[in-house]
Amino acid sequence: DDEEARMSAGLAEVIGDSLFDGLDISAADLDELAGSLPAVGRAFMALFTALSNARENVRALSERLSDNAFLSAPVHELLTLLTSIRSFSEILHDNIGLADDERRKFLGILVDESEQLGEVINRLQDITRDGGIQELLGAKSPSEEVSDFFESHGNYFAKIEDLADDLHKQAGLGGGALHEGLGRILSERYGLAVETVSWEEQKGRNWRMDLAGGRLLLSEELPHYAANFQLARQIGLRSLNDACHGYLADSRFTSDKSRDMCSNALAKYFAGAVLMPYQPFLEAANELRHDIELLQHRFAVGFEQVCHRLTSLRRPGAAGVPFHFLRIDIAGNILKHYSGSGMRIPRFGGACPRLNIHGAFMTPGMIHRQLVRMPDGAAYFCIARTLMKRGGGYKTPISHLAIGIGCEAAHANRLVYADGISLDNLEAAVPVGVSCRLCERIDCRQRAFGFLMRGTEAAGKNGAHG
């Protein structure tokens, strides 16, 4: 049932694209397709994903081609070589009585510059050869395949949780010796020494591997919780082979790049489970009423790490509050999403502008609370906060991100953030939608595009408001 609901939601988002303007397709039609012909539905979504990727690649390529810096160098080389070849050819053509040594000299120059000309042309051809534009136009991006994989597993992996618990117990990682304990495991089990080095020596990177020297080098500017996470992740990359083999055999992965990305994501999941062991973290979350900052202090982790871990507490018989998760940048691009609460988050395009995650950028560092109501009447309680990521000193640019998590309103009384909010008064809830193309609220002044799901007549009535 969950898979069918996800597919129906995904199909609705696809049909919301302007490509389908003029088609009278109802939500019932999509439900029937998802329930009766799921393979056709998956194929349809795969085709649309390929189209979306192609659109983005064409836009990106157009920008690069319009930028003189992309083609100016090889074009300049071509013109220079052609001018030189023509000049020396004219000398040979117009001066029949040239001495043999001079003629050989000019012919040698022509041969050399012809070879250089061929090299420049080959570099330009690389754009359209394998590995160039053709590779960019893949059917589905690896990140989307990995997102689908985590959604299908409910963001819970029992085997990895067990391995993380075992490691935590066997290595004695409790108390304040976590960093030293993780470093000891990397050294004793995998022959990898951990060293903290200067920012200058790291050349701007938070961490890097010195394989020849058997060292994991961490930057001195890396926060303590981020350093611990990196150590646990490195252990996961080296210890999860057997546990991940079955997961990575999933048929949804269409490339080695997707499998590598998923392997790295599972190693990060493992790291979170090591730093925040399932049962102690679940008990603390309930005790502290999901106060993220208090959970940060208790487990010596970061804000985003706590939010990620809260979405993974889905152990049968010992489950936590089902949360959704959303991370965006200051331009509104969705960088990561998970629909654990049941709230639909768009795969294509931006999220509803009325969600508080967008407004969080106006007051950085503050927790924003919001009760929202979807067009179908479902209500969710959401919180959002900005994060600033910076390293390397004053001259290093700051990255501005916003994190949002939430749950169904029925679970919100278990969150400290819901205190003082009338969860039963849905009339006071902010009306939101998935995205403009899928939202039927005709009175929304934030609307950027017309609603498409009821055919041409409705789309015309629901045009964008000024």
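Helices (H or I, at least four residues) and strands (E, at least two) are DSSP runs, numbered from the N terminus. By that count, the protein chain has 18 helices and eleven strands. This is a predicted model: local features need pLDDT of at least 70, side-chain atom pairs count only at pLDDT 80 or more, and totals for chains, interfaces and linings use all residues. Residues are numbered from 1 along each chain as its sequence is written, and side-chain values use heavy atoms, with hydrogens and water left out.

**Stop 1: the whole chain**

Select everything. The protein chain has 466 residues, and 44% of them are buried. Buried means under 20% relative accessible area, exposed over 50%, partly exposed in between (1.4 Å probe, protein chains only). Now show the surface. About 24400 Å² is exposed, with carbon and sulfur atoms supplying 53% of it. These areas come from the Shrake-Rupley method with a 1.4 Å probe; for residues, only the protein chains shown count as cover. Next, contacts (heavy atoms within 4.5 Å). Take those with a separation of 6 or more: 60% are between residues 24 or more positions apart.

**Stop 2: the cores**

A nonpolar core is a set of buried Ala, Val, Leu, Ile, Met, Phe, Trp, Tyr and Cys residues joined through side-chain atoms within 4.5 Å. The largest one holds 73 residues. Select Phe150, Leu182, Leu266, Ile292, Leu295, Leu310 and Phe381, which have the most contacts inside this core. Which helix gives the largest share of this core? Colour helix α13 (residues 256-275): nine residues come from there.

Center on leucine 266. Neighbours within four places in sequence aside, leucine 266 is in contact with Phe149, Phe150, Phe157, Ile160, Leu240, Cys244, Tyr247 and Leu248. Another core lies apart from the largest one. This second core has 30 residues, among them Met7, Phe20, Leu30 and Cys382.

Step to serine 255, in the loop between α12 (241-248) and α13. Serine 255 is partly exposed, at 24% relative accessibility. Add proline 142, which is 113 residues away along the chain. The C-alpha atoms of serine 255 and proline 142 are separated by 7.7 Å.

**Stop 3: a three-stranded sheet**

Two strands pair if DSSP finds at least two bridges between them. Select β1, β3 and β2. These three strands form an open sheet in the order β1-β3-β2, with mixed pairing. β1 (193-197) and β2 (207-210) stand at the edges; each has a single partner strand, so one side of each has no neighbour in the sheet. On average, neighbouring strands here are turned by 25 degrees against each other, direction ignored. Axes are lines fitted to C-alpha atoms, for helices over the stretch in contact, and angles run from 0 to 180 degrees between N-to-C directions.

Zoom in on β1 and β3 (residues 215-219). They pair in the parallel sense over five bridges. Label threonine 196 and its bridge partner in β3, leucine 218.

**Stop 4: the hairpin**

Move to β8 (residues 368-373) and β9 (residues 379-389). Six bridges pair these strands in the antiparallel sense. Histidine 368 has alanine 384 in β9 as its bridge partner. The two strands form a hairpin with five residues between them. In the turn, glycine 377 has a positive phi of about 95 degrees. β8 also runs parallel to β11, joined by two bridges. There, arginine 373 stands opposite proline 431 in β11.

**Stop 5: salt bridges**

A salt bridge is a side-chain nitrogen of Lys or Arg within 4 Å of a carboxyl oxygen of Asp or Glu. How many does a search of the whole structure find? Ten salt bridges turn up.

- Select arginine 315 and aspartate 165. Their closest N and O atoms are 3.8 Å apart. Arginine 315 lies in strand β4 (residues 314-315) and aspartate 165 in helix α8 (residues 158-170), so the pair ties together parts 150 residues apart in sequence. Aspartate 165 is buried, at 17% relative accessible area.
- Select arginine 289 and aspartate 419. This salt bridge spans 2.8 Å, N to O. Arginine 289 is in the loop between α14 (278-287) and α15 (292-299), and aspartate 419 in the loop between β10 (399-408) and β11 (430-431), so parts 130 residues apart in sequence are tied together. Arginine 289 is partly exposed at 29%, and aspartate 419 is partly exposed at 38%.
- Select Glu195, Asp210 and Arg215. Salt bridges that share partners join them into one network. Aspartate 210 and arginine 215 have closest N and O atoms 2.8 Å apart. Aspartate 210 is buried at 19%, whereas arginine 215 is partly exposed at 23%.
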